[in-house]
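Hello,

Here is the structure I said I would pass on. Please look it over before reading my notes below it.

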Amino acid sequence: MDGYAARPSVRAGEVLRLHIATSAPRFRVDFYRWGTTPQHAGHAEWPGRTAAPGTIDRDWQWPAYEFPVPPDWRSGVYIAVLSTEPSSCTPPMDSRQARILIVVTPVAHSGRRILYKIPTFTYHAYNTAGGGSLYSASHVTMRRPGGGVGGPVKGLPDPYDSASPRQTFAHWDAPFITWMEKNGIESDFCTDLDLHEGRHLNDGYRLLVSAGHDEYWSTDTRQNVTAFRDVGGNIANFGANTCWWRVHVAPNGAELSCVKLPPGAPAGTDPDSSYGCPDHWWESDPENALLGVSYRNGGGHWEGPRPPLGFTVTDGNHWIFSGTGLKTGDVLGHRAALIGYECDGAAYELDTDGRPRPTGEDGTPKNFEILGIAPLPSDWNFAARESATSPRAATLGLYTTSGTVFSAATTDWARLLATDPQIASITRSVITRLS
């Protein structure tokens, strides 16, 4: 039994369309809202119908079922659990089958000041349901099982958290949202498809939050987020490898494409190391201009344990470190390998006091403040292979134009939230101040 949603988000009071295939004569769907703990929100029961699996590049067109979303459902991430019988206990939310991720977006501005972005484009880039992903094809459909939960995923296991695959909701977004709710931080939720379509960012929010691995952005998503910043909106990116690939969204919102190799590239060419890739953001409109940092100046360590790196604090008096006890020269998060599995950086040089400053040559705003730095060992996989004018280093920091943009510059920030009080304190300070 498997299924998927016609689109990844819906508003309370609207009709949610699910597509489900099962050999069971009858089945049920239980909906759980993710928070401090999964909360049961409702269920539906329907007769079962069978359907064959599809391919990665075409709508699977499985049997459709319509569920009227109750108007009192709060904005949030909901997991639809497919089964044949009711359960007396809460089933595991993360599974490679019989799960569907749905984001309930706000009907109107709720008065909350934070909007949390769920990276469904990235989830589907790594989703291998149907035999492939955006790493084996240039075109995929989002109308297939998977995409956050409920489907197979490309990638190596995480030696620091083997309970879930990296490119899934359970790995980074779920613990970040749990931490927010435990700490009384209320937010509304949206997907990158919503932002691509121009929804929500003009509805009075002060802060847009993203966490973990938000790698695939469309042109419209980026333009709309940039416009949000330019009218005073703030951005907090508690992740890395962000906005690395440009993805193209079909008019129906259900298909993604991404051209990763230049014309005539030989088979086996590594897209992250080749020049002239049409959909590398950094080659045409460097993501540094929005985020302050880029994977181009960072890198990744994908297989097995990595060196225990942390950020060396460059300005312990900055407000983000208030209450942490950290001083200039202290190292944040190194015992738990905070840096990685992928991280972002900015081209930098040392000033007369030995403090790193951005050169701006890679698109990073000159007023970007590097507040923590972690030079990377030579055995990491560096993204762009051209000679660098500064060492590769993860660079934690922020800058302000009309709005303020904070970048944590490492995918694993969310992994340490529940166990490292200093990580939690910085996160709380950034969210509180910018919202």
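The notes below go through cavities, strands and a few single residues.

Please keep in mind that this is a predicted model.

**Cavities**

A search for enclosed spaces of 30 Å³ or more gives 4 cavities. The largest cavity holds about 160 Å³ of space. Its lining is made up of 19 residues, and those nearest the centre are Pro8, Leu101, His124, Met142 and Gly146. Three elements each give two or more residues to this lining: strand S1 (2–5), strand S8 (99–105) and helix H1 (120–126). By class, the lining of the largest cavity has 9 nonpolar, 6 polar and 4 charged residues.

The second largest cavity has a volume of about 50 Å³. Lys117, Leu208, Val209, Ser210, Asp214, Trp217, Ile235, Asn237, Thr242 and Leu291 line it. Strand S12 (207–213) and strand S14 (234–240) each give two or more residues to that lining. Which of the elements gives the most to it? The answer is S12, with 3 residues. The lining of the second largest cavity divides into 5 nonpolar, 3 polar and 2 charged residues.

**Strand S8**

Strand S8 also supplies part of the lining of the largest cavity, so it is worth finding on the model. Is S8 buried or exposed? Of its 7 residues, 7 are buried, so the strand is largely enclosed by the rest of the structure. In general, the side chains of a regular strand alternate between the two faces of the sheet. In S8, one side carries Arg99, Leu101, Val103 and Thr105, the other carries Ile100, Ile102 and Val104, and both faces are covered.

S8 has pairings with S2 and S7. Strand S2 (residues 9–11) runs parallel to S8, and 3 bridges join the two. One position to find there is arginine 11, whose bridge partner in S8 is threonine 105. Strand S7 (residues 76–83) pairs with S8 in the antiparallel sense, over 6 bridges. Valine 77 is set opposite valine 103 of S8. As background, the strands of a sheet pair through backbone hydrogen bonds, either parallel or antiparallel.

**A sheet of 3 strands**

Another place to look is an open sheet of 3 strands, in the order S21-S18-S25, where the pairing is antiparallel. Strand S21 (342–345) and strand S25 (381–382) each have a single partner strand, so they stand at the edges and one side of each has no neighbour in the sheet. Strand S18 (residues 294–300) is joined to S25 by 2 bridges, in the antiparallel sense. Glycine 299 is found opposite phenylalanine 382 of S25.

**The loop between S19 and S20**

Threonine 314 sits in the loop between strand S19 (311–313) and strand S20 (331–332). Threonine 314 has a relative accessibility of 13% and therefore counts as buried, the cut-off being under 20%. A polar atom of its side chain is 2.5 Å from the backbone oxygen of isoleucine 370. Leaving out residues up to four places away in sequence, threonine 314 touches Thr328, Arg355, Pro356, Ile370, Leu371, Gly372 and Ile373.

Glycine 316 also lies in the loop between S19 and S20. With a relative accessible area of 17%, glycine 316 is buried. Its contacts, apart from neighbours within four places in sequence, are Phe321, Leu326, Lys327 and Thr328. Glycine 316 and leucine 371 are 55 residues apart in sequence, while their C-alpha atoms are 8.1 Å apart in space.

**Backbone details**

The peptide bond from glycine 340 to tyrosine 341 is cis, with omega near 10°. Tyrosine 341 belongs to the loop between S20 and S21.

Two further residues have a positive phi although they are not glycine. Glutamine 61 has a phi of about 55° and is in the loop between strand S5 (39–47) and strand S6 (64–68). Asparagine 241 also has a phi of about 55°, and its place is the loop between S14 and strand S15 (245–246). Which of these is buried and which is exposed? Glutamine 61 is exposed, with a relative accessible area of 64%, whereas asparagine 241 is buried, at 1% relative accessibility.

Regards

Key
Residues are numbered from 1 along each chain as its sequence is written. This is a predicted model: local features need pLDDT of at least 70, side-chain atom pairs count only at pLDDT 80 or more; totals for chains, interfaces and linings use all residues. Side-chain values use heavy atoms; hydrogens and water are left out. On a 1 Å grid over the protein atoms alone, a cavity is a set of points where a 1.4 Å probe fits but cannot get out, and a pocket is an open set with protein on both sides within 12 Å along at least five of seven lines; lining residues have an atom within 4 Å of a point. Grid points are joined across faces, edges and corners, and a volume is the space filled by probe spheres set on the points. Helices (H or I, at least four residues) and strands (E, at least two) are DSSP runs, numbered from the N terminus. Ala, Val, Leu, Ile, Met, Phe, Trp, Tyr, Cys and Pro count as nonpolar, Asp, Glu, Lys and Arg as charged, and the others, Gly among them, as polar. Two strands pair if DSSP finds at least two bridges between them. Buried means under 20% relative accessible area, exposed over 50%, partly exposed in between (1.4 Å probe, protein chains only). A polar contact is a pair of N or O atoms within 3.5 Å; within protein, one must be able to donate a hydrogen and the other to accept it, and residues adjacent in sequence count only if both atoms are side-chain atoms. Contact means heavy atoms within 4.5 Å.
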